[in-house]
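Subject: Structure handover

Hello,

Here is the structure you asked for, with the sequence. My notes on what was found in it follow below.

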Amino acid sequence: MRTTWCSASVLVSLTALLWATPTAVSQPRIEEPKSRSQSQSQSQPGTFEADCRTVVEGSRATAYCHNPYPETDRVQLHVECERWWDVDADSAPVSIGPAGYAELTERCWKEIREVWVSHRPQQVSAGT
């Protein structure tokens with residue numbers, strides 16, 4: 001079989017086209033860094049945490065927490081302010097009993113950078 005210039009140029013063009021075509025490559029999934037609320041709320045197996053949602057309105061943050069579990073959970077709202085001179089705020093810890101509900105509110109003078117809720121199970125004293 002004899003190769004002509006025309007067939008050779010077609011072969012070169014096809015080879016270049018195949019090399020230039022993008023192909024799907026399996027790459028490891030890059031996970032986004034966890035926010036502070038996710039890292040703070042990771043619990044140990046067998047512990048129950050109240051369900052909390054946070055709402056930011058201007059410079060005021062509110063957490064609405066409901067505990068559907070049979071154990072008491074202590075929740076605390078943390079607010080990190082945007083301005084360096086604005087003091088960050090932490091609410092007092094609140095114990096939410098089974099089927100309990102709580103609202104926690106804190107504020108900054110100006111803008112809010114981040115809001116999260118921390119959970120700690122109620123410690124049972126040895127005397128009760």
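Start on the surface: Trp84, Trp85 and Trp109 make a nonpolar patch of about 540 Å². Keep in mind as you read that this is a predicted model. Of these residues, Trp84 lies in the loop between β3 and β4 (89-90). Trp84 counts as exposed because its relative accessibility is 82%, and the cut-off for exposed is over 50%.

Next, the inside. The largest nonpolar core has 15 residues, and Val75, Leu77 and Val79 have the most contacts inside it. The elements that each give two or more residues to this core are β2 (60-67), β3 (73-81), β6 (100-107) and β7 (112-121). Of these, β3 gives the most, with four residues.

Val79 is a useful residue to click on. Leaving out residues up to four places away in sequence, Val79 touches Ala61, Asp88, Ala89, Asp90, Glu106, Cys108, Ile112, Glu114 and Val115.

The last residue in these notes is Thr62, which sits in strand β2. Is Thr62 buried or exposed? Thr62 has a relative accessible area of 11%, and buried means under 20%, so Thr62 is buried. As for its neighbours, Thr62 touches Arg53, Thr54, Val55, Glu103, Leu104 and Thr105, again not counting residues up to four places away in sequence.

To go through it yourself, begin with the patch made by Trp84, Trp85 and Trp109, then turn to Val79 in the core and finish with Thr62 in β2.

Regards

Methods: Residues are numbered from 1 along each chain as its sequence is written. This is a predicted model: local features need pLDDT of at least 70, side-chain atom pairs count only at pLDDT 80 or more; totals for chains, interfaces and linings use all residues. Side-chain values use heavy atoms; hydrogens and water are left out. A nonpolar core is a set of buried Ala, Val, Leu, Ile, Met, Phe, Trp, Tyr and Cys residues joined through side-chain atoms within 4.5 Å. Buried means under 20% relative accessible area, exposed over 50%, partly exposed in between (1.4 Å probe, protein chains only). Contact means heavy atoms within 4.5 Å. Patches are made of residues with over 30% relative accessible area and no salt bridge: like charges are joined within 9 Å, nonpolar side chains (Val, Leu, Ile, Met, Phe, Trp, Tyr) within 5 Å. Accessible areas come from the Shrake-Rupley method with a 1.4 Å probe; for residues, only the protein chains shown count as cover. A salt bridge is a side-chain nitrogen of Lys or Arg within 4 Å of a carboxyl oxygen of Asp or Glu.
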